[in-house]
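Trainee: Before I use any of these labels, I would like to hear the reasoning behind them. Could we go through them one at a time?

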Amino acid sequence: MARRADPGVPALIPFALILLVLGLSGLAGQIVLLREFLVVASGNELAIGLFLGAWLLLESAGCLLAGRLWGRSQRPAAVFAAWQAAFAALLPAALYATRCLRELAGAAPGEGLGAAALLFWALALLAPVGLPHGALFALAGRLRERERPGASPAGLVYGWETLGTLAGGLLLTFWLIPRWDSFRIVLAVGALDLLFCVAVLLRARDERSPRLLVLCALAAATAPFIAFGPADESLHRGSVRRQWPGAEVAFYENSVYGNITVLRSEGQATFLTDGKVAAVSPVPDIEAAEELAHLPLLSHPRPEAVLVLGGGAAGLLREVLKHPVRRVDYAELDPLFLEALARFAAPLTAGELQDPRVRVHRVDGRLFARDAAGRYDAVIVGSGEPDSLQSNRLFTREFFALARRRLKPGGLLAFSLPGSTAFLDRNRASLNSCVLQAAAGVFAAARPIPGDTNIFLASDDPALSGIAAGTLARRLRQRRIRTGFVGPGQLSLRLEEQWTRQFQGFLAPVAGGAGVNRDFNPRAVIHALADWNAMFSPAAGRLLASAEAVTLPRLAAVLAVALLAALAWRRRSSPAAAPAALAATGFVGMLYSMALIFAFQALYGYAYLWVGLLVSVFMAGAAAASLAVGAVGAVRSAGRAFLFLEAALAVFSAALPVVFEMLAGSPVPDNVLQGAFLALCLASGALTGAQFPLACRLSRAGMAPLYACDLAGGVLGAVFGGALLLPVLGLAQACLAAALLKVASLVFCLVSFKVESSPKS
Amino acid sequence: MGLFSWNWSAADSLPGKECRFYKTLFDGQVQCRLCPRKCIVAEGKRGTCGIRENRGGKLYLITYGKPCSLGVEPIEKAPFFHFMPGHRRLVLATVGCVLRCRFCQNWQISQAEFEKVPYMELSPEQIVAVALKQKVQSICFTFSEPVVFYEYMYDVAKLAHEHGLKTSMVSSGYIEREPLLELLKVLDAVKIDLKGFTEKFYEEMAAADLPPILDTIKTVKKSGKWLEIVNLVVPGHNDDPKDMERMCRWIKENVGADTPVHFTRFFPEYKLKSVPPTPVATLVRAYGIARAAGLRYVYVGNVPGHPMENTSCPRCGKTLIERQGFQVRKNSLKKSGCPYCGEKLRGLW
Ligand code: SF4
């Protein structure tokens, strides 16, 4: 029989605090491991979706399993403490293993991994931490039930755990990541967890676990010595060495934007951002830098003011400065990247960044293009291809419209995309096509210069298309520019008609289906991801390429069939209705948060800080609503309230794209707009969070299985919604798909619930 | 395509051509004898290269007359530095390769399935007609692995010779001796990608083995056809100075000090996304090792503007051919001789 714990200790360590720490440590582990995972995945954004999906899946499995095994346990405190200790111990191990992932996966040093391998390894690496963390959620509920028999713990556990997640997000993003290395963070979190193991065991005096208590106390006392002593340094260095075998890792730090690594070898410094080569000095990729600088600037009769957006340092700026320019504005997002460049300065980078004509702006390129006061003869996009939502922001129709406003009359925009004189496959042809169509929709002339890298020039001056190689060669001579690669012969080879005709041949069959690259419909990202998968896992690549078949009417048809099947299967008072609706809410909740981040990012750029804030506010909304509904024991009819929320979620989903469009097009000041985003996050969090405690009252399934349903919906939302619906359908249609899903779950509930009898409330 | 139009439907309208080097086994199986893989191919199946298919007990090259790449480029891009410098070549490739290099630059065609890649339909006669119309001086088989489209390459090269065009092949050298000897009759120059000099590197990074490639290099040299060797230096994978030294000594002993050797710079490509570009110091060191081993024509590649991309007289050291990227900026060679000291330089000038 359940007995109450000693009332003295709970007063000292409130139960809510235990839940807060649970949420905080879960998120800390998640963020730290995700960042490291992204480095191994060479910055491929697909890894984020796979990682989050794997995490949620494991959490829900852990929760379900613990609910099954210890749902009636008479020693929940001991079990809870044991699992929490396991989580604390396994988290640093998971981090170490993540850094050794290439070795574990049998990949060569520096080799990327495909989607299938990434998913497999995400599950394998996260299992030792995701499963215990999920289990802890169920065990916390059991702990509470045993302390307060008869009270429903769902709202409390869900709410405080979510608040802990929020606190963890803010603490990690704003304070810990810029200051501590990853090992120190997880070891400190582990120490905190172990401390709370001791607290939990002390609370439950009736459970005799002296050995566990001593073990946890000892471990809690030792962990800070490891975290802040030489052991942390050797763990950090040892694992980084295994991550980059054979290389001298001269710099390995995390900024709020990502990981910056500098590898040194034989006098060369290679700068990697999230594992992807971003710059190399003292000898850069000369061919790439010269072509991207000289093809546009030689196409302009007198380039004086130039704007370089990302990727300027280590080569591009040097080439730009060879022209008679008076002012070069260079926007680079991550100050840590610039700091690394300065720390490992070569004559090349120092010369570029200290040139009096160059002004470095530590700001997102897209925002700079939007807000800059000046006008330019040339805007050059120096950052890599649009293979992520962040980098895509410099390749969309909306960006091109912004850039056009920054150009002086006769000015031009230049950017590059992957090319080949041998062959351009469907994915790369589609990538080129959707971006070219975006530029052609904005500028009077958009000229591709196809080659091993395709360079694109766009301008309102139609003469751009007719500029001949001879003119460029003459200007090269007149400006007395010395180059290693771009000379008169190369210019005429580059501009030969055979390549343009070949390029058109590559693009012709895909032009119809490739679409136009837009902010809210980032076609380029999906083509780039398909390209990635074609390299590493052709099967996944084909799947992504065939994702084009996903349309809103087809989704509606699938939903209708699924609904009819569900209704035919169980018509009345179905115990499956509330869990199914909760899973659907988990799905749309994940989709909302992704859509909100996605829309915010399209407008404002990475601003990782803001992403953290948006997610936190979303969670705060969810937590507050869950706690509020959980606390109001006297909700007259849980069934009615549940149905009302179902309807509200459907309406909210349908309204969201309209609101986004209004926000994107409105002339209101940024802070008002950002406030509106926060309000939307709060509202969507509250709508999704309020359902959980109601579902717990309505369903006999119990808290753990319901939580697992919620998480499983989240998994599908991350993988299917985030990785497929949003990029393939675009923002508006993805939200409409969410609305359809909620309408379907509403109908299912309406038919299944006996609303009048208001069960259990 | 640029020079011709494509069959985007990729429909199999041509029957392919029966392969020249294979053996019939029992049960309708055949064994290909073109490359050292020596695939045993069952009825209806294809070999490792993906383009040799057993149809009714006979082995067919299915990409015969179906190139996926065709263009006109400078010969320096190959890179061939001693083969009529500055001339324009017609480049030609079909899908398919027997190797699995993790740093392949042309993986979209080398590793692709035949059915997934659109192609042109061009007979050898049409290819030669294109070459003549484009006024190129040679036809170069390159990009993927020409060995695996052997019969097509052979027929094009033979016809090209009949029309006074030169021919060359850029290959990994993974080919059996007998077909190679036949092929060399219709080629003028061969560039071999000697990807590394250890079995381990070939096994792990290319899924192939080294000895057959070394045999090929020796056979090409013995045939009297022009030979150049390229070594792409991948940091941390094949840049051990000891291996480089062994390689250079082997080259000198087996194919002579006059064989040009290019050490080219690697940039992150295909699966090797996070491997840094080759430090130029590594390439310069390789250059020094090769020169110290006695090789007379050594180059550094993919570092445009670097003086080691130029051709110098091995006797007096004067710069004779100056290059800028893929272009020849200045060529002071008098026929094949150094205008300063009279030394004869080896090559097809
Ligand atoms: S050429 Fe192709 S089919 Fe013939 S042995 Fe080599 S890989 Fe096998």
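Mentor: We will take the overall form of chain A, then its domains, then the two chains together, then chain B; keep in mind that this is a predicted model.

Trainee: What makes chain A as compact as a globular protein of its length?

Mentor: The radius of gyration of chain A is 28 Å, and the globule rule gives 27 Å for 761 residues. The two values are close, so chain A counts as compact in that sense. Its C-alpha atoms fill a box of roughly 95 × 60 × 45 Å along the principal axes. The secondary structure of chain A comes to 31 helices and 11 strands.

Trainee: Which domains does chain A have, and how do you know where they end?

Mentor: The bounds come from a domain assignment, which gives domain 1 (1-244), domain 2 (286-533) and domain 3 (550-761) in chain A.

Trainee: What joins domain 2 of chain A to domain 3 of chain A in contact?

Mentor: The contact takes 14 residues from domain 2 of chain A and 18 from domain 3 of chain A. The C-alpha centres of these two domains lie 41 Å apart. About 1,400 Å² is buried between them, with carbon and sulfur atoms giving 61% of that area.

Trainee: Why is the pair Asp670(A) and Arg370(A) called a salt bridge?

Mentor: The N to O distance between their side chains is 2.5 Å. The cut-off is 4 Å between a side-chain nitrogen of Lys or Arg and a carboxyl oxygen of Asp or Glu, so a pair of this kind at that distance qualifies. The count between domain 2 of chain A and domain 3 of chain A is one salt bridge. The rule also finds two residue pairs in polar contact across that interface.

Trainee: Which element gives the largest share of the side of domain 2 of chain A that touches domain 3 of chain A?

Mentor: That is α15(A), with three residues. By class, this side of domain 2 of chain A has six nonpolar, two polar and six charged residues.

Trainee: How many residues does each chain bring to the contact between chain B and chain A?

Mentor: Chain B brings 50 residues and chain A brings 55. The area buried between the chains is about 4,000 Å², and carbon and sulfur atoms give 58% of it.

Trainee: What makes Glu111(A) and Arg102(B) a salt bridge?

Mentor: Their closest N and O atoms are 2.3 Å apart. That value is within 4 Å, and the pair is an Arg with a Glu, so the label applies. Between chain B and chain A the count is four salt bridges, along with 22 residue pairs in polar contact. On the side of chain B that touches chain A, β7(B) gives the most, six residues. By class that side has 27 nonpolar, 13 polar and 10 charged residues.

Trainee: Which domains does the assignment give for chain B?

Mentor: It gives domain 1 (15-61) and domain 2 (69-331) in chain B. Their C-alpha centres lie 27 Å apart, and about 1,800 Å² is buried between them.

Trainee: How do you know that Asp155(B) and Lys17(B) meet in a salt bridge?

Mentor: The N to O distance is 2.9 Å. It falls within 4 Å, and the partners are a Lys and an Asp, so the definition is met. The count between domain 1 of chain B and domain 2 of chain B is five salt bridges, and the rule finds 10 residue pairs in polar contact across that interface.

Conventions. Residues are numbered from 1 along each chain as its sequence is written. Chains are lettered from A and ligands numbered from 1 in the order in which they are written. This is a predicted model: local features need pLDDT of at least 70, side-chain atom pairs count only at pLDDT 80 or more; totals for chains, interfaces and linings use all residues. Side-chain values use heavy atoms; hydrogens and water are left out. Domain bounds come from an automatic or database domain assignment. Contact means heavy atoms within 4.5 Å. Buried area is the accessible area (1.4 Å probe) that two parts lose on being put together, summed over both. A polar contact is a pair of N or O atoms within 3.5 Å; within protein, one must be able to donate a hydrogen and the other to accept it, and residues adjacent in sequence count only if both atoms are side-chain atoms. Helices (H or I, at least four residues) and strands (E, at least two) are DSSP runs, numbered from the N terminus. Ala, Val, Leu, Ile, Met, Phe, Trp, Tyr, Cys and Pro count as nonpolar, Asp, Glu, Lys and Arg as charged, and the others, Gly among them, as polar. The radius of gyration is taken over C-alpha atoms; the globule rule is 2.2 Å times the number of residues to the power 0.38.
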